[in-house]
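Let's take a walk through this model together, starting with a single residue and working outward. Keep the 3D view open as you read.

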Amino acid sequence: MWGIVRRKVGSDASSYLGQSIKRIRPAVSAPRTYMSQSKETLLVRRGSKYIQSFSSNILPGSAVSTKPLSDFVAFSQKNSSIQAWGRSFSSDSGDLVDAVVPFMGESITDGTLAKFLKKPGDSVAVDEPIAQVETDKVTIDVASPEAGVIQKFVASEGDTVEPGTKIAVISKSAEGASHVAPSEEKTAKAAPQPSPPAEKDDVDKKIPKSEEVVKEKPKAPSPSPKATSASEPILPPKDRERRVPMTRLRKRVATRLKDSQNTFALLTTFNEVDMTNLMKLRSDYKDAFLEKHGVKLGLMSGFVKAAVTGLQNQPIINAVIDGDDIIYRDYVDISIAVGTPKGLVVPVIRNADRMNFADIEKEINNLAKKATAGTISIDEMAGGSFTISNGGVYGSLLSTPIINPPQSAILGMHSIVSRPMVVGGNVVPRPMMYIALTYDHRLIDGREAVFFLRRIKDVVEDPRRLLLDI
């Protein structure tokens, strides 16, 4: 039953609210509640049919009115307990529907309308993205609720929007589609209208001839340019600079990194790894691995497996400080830092300690594609107990990575460079990589950090240790 009507004993059932329901349409919407001091209550539950328009006599002695439900949104009257909440998805004619910002996650309250993917007058299909909203973590698409033609936009790029904010009106039919964007309408309204020539002539007639001739004042001589001393720097002109607003993702990254520096006692320790055996392992089995698992065998899976064994040997690296307590995590979720055109994102490989090489490579490949395409979800980036950052893909030789809060350490990988090394008393060229571990010295001592990094080195240089668990 879509509604429940309660009335006090003795009330006339035939006169409640003078209400006549005109049209009912299925929709999934928030609960509607209508309360009145005139003893009537109408409840419409979630998931039921909702009333699109109705006629009602709200208060005793007031006039009967017929209005769509959208006119009663956030409606209240002074000295009355009448309140109504609603969300309209169509106009009076049922031809227009609103495209609204979807739910963006429990931890996200608003976002920035980054750009429109369509223009007024364009045809759209059901669930076709028409705009993108940029949040602190991800970019979310705003989809069209119905197939039709975009009639107009009611929001502008750069606006701050919340879940449920209307940004566009979609017409199910092609009639009445407007090809003028809101910015163009504002520009047209703001354009000054020129005065008619007749009015100008009248004004000229009213000005006395004595006032028409005005002596020009002699111009003051322009000051000579200030001589620049040899010690003062010559700054570039301002017209050669561009000022653009920071994206929400970039602001979020900047805030978190600065908070990390202000909170943690950061310390970095280094080591170097001979990549000969791991690269030979990949070269020998890459074709068979691709044929069986459908994904290429890379070097990252070897470092993930090495990090898992290192975290299991040194659990304090996988722990975190929380107030006056230390939280030890009995699981290993490895975050992989991925650079995208919009900024740095850190998707998480869940339960990496239970995965083999193939599972890790598949998950890394899947998350990297989503991160690059901007379709990665918030859940896929939440959590993580340890981070691996591979600056070597960009050619970085050495760096000191910054911890990703609320973790306590991060491993930095770098480029592989052939360097002369002493092996068996002989100097031979070897593919070498510098690795760095930045850790929170409040929690992790240098001993545990060095042992962890040494474990990474041992496993990567001899992957057979993984097989024998030594």
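Is Val 348 buried or exposed, and why? The model is a predicted one, and in it Val 348 counts as buried because its relative accessibility is 3%, below the 20% cut-off. This residue lies in strand 23, which covers residues 348-349. Setting aside residues up to four places away in sequence, Val 348 touches Asp 333, Ile 334 and Ser 335, then Glu 363 and Leu 367, and finally the run Glu 380, Met 381, Ala 382, Gly 383 and Gly 384. Leu 367 sits 19 residues from Val 348 along the chain, with 8.2 Å between the two C-alpha atoms.

**The chain as a whole**

Stepping back for a moment, the protein chain has 9 helices and 27 strands. It comprises 470 residues, of which 36% count as buried. Among contacts with a separation of 6 or more, 63% are between residues 24 or more positions apart.

**Helix 7 and its surroundings**

Leu 367 leads us to helix 7, since it is one of the buried residues there. The others in that buried set are Ala 358, Ile 360, Glu 361, Ile 364 and Ala 371. What do these buried residues pack against? Their partners are helix 5, helix 6, strand 21 (338-340), strand 22 (343-345) and strand 23. Helix 7 has 17 residues, and its first and last C-alpha atoms are 24 Å apart, close to the 24 Å expected at 1.5 Å a residue.

Asn 365 also has its place in helix 7. With a relative accessible area of 36%, Asn 365 is partly exposed. Its C-alpha atom is 9.1 Å from that of Lys 296, a residue 69 positions away along the chain.

**How helix 6 meets helix 7**

Two packed helices are described by the angle between their axes and the distance between the axes. For helix 6 (residues 300-313) and helix 7 (residues 357-373), the axes come within 9 Å and cross at roughly 115°. The crossing of helix 6 past helix 7 is right-handed. On the helix 6 side, the residues that meet helix 7 are Met 300, Ser 301, Gly 302, Val 304 and Lys 305; on the helix 7 side they are Phe 357, Ile 360, Glu 361 and Ile 364. Sorted by class, this contact has 5 nonpolar, 2 polar and 2 charged residues. Ile 360, Glu 361 and Ile 364 are also among the buried residues of helix 7.

**Helix 5, with a bend**

Helix 5 is another partner of the buried residues of helix 7. How far apart are the end C-alpha atoms of helix 5? They are 24 Å apart, which agrees with the 26 Å that its 18 residues (276-293) should span at 1.5 Å a residue. Helix 5 also bends by about 60° at Tyr 285. Just after helix 5 comes Gly 294, which has a positive phi near 75°.

**Backbone details worth a click**

Positive phi values also turn up in residues that are not glycine, including the two in this table.

| Residue | Phi | Location | Relative accessible area |
|---|---|---|---|
| Asp 127 | near 65° | loop between strand 11 (123-124) and strand 12 (129-134) | 57%, exposed |
| Asp 469 | about 55° | segment after helix 9 (464-468) | 67%, exposed |

Both entries count as exposed because their relative accessible areas, 57% for Asp 127 and 67% for Asp 469, are over 50%.

Where is the cis peptide bond that involves Pro 406? It joins Pro 405 and Pro 406, with omega about 5°. Pro 406 itself is in the loop between strand 24 (386-390) and strand 25 (409-413).

**Two more residues to visit**

Glu 448 is found in helix 8, residues 446-461. Is Glu 448 buried or exposed? Its relative accessible area is 17%, so this charged residue is buried. Apart from neighbours within four places in sequence, Glu 448 is in contact with Gln 314, Ile 316 and Ile 317.

Val 423, by contrast, is partly exposed, with a relative accessible area of 31%. Its place is in strand 26 (residues 416-423). Leaving out residues up to four places away in sequence, Val 423 touches Val 428 and Arg 430.

Key:
Residues numbered from 1 in each chain as written. Predicted model: local features only at pLDDT ≥ 70, side-chain atom pairs only at ≥ 80, totals over all residues. Heavy atoms only, no water. Axes fitted to C-alpha atoms, helices over the stretch in contact; angles between N-to-C directions. Helix = DSSP H or I, 4+ residues; strand = E, 2+ residues; numbered from the N terminus. Left-handed = near helix turned anticlockwise from the far one by under 90°. Contact = heavy atoms within 4.5 Å. Buried < 20%, exposed > 50% of the residue type's maximum accessible area, 1.4 Å probe, protein only. Expected span 1.5 Å × (residues − 1). Bend = angle between axes of the 7 residues up to and from the residue.
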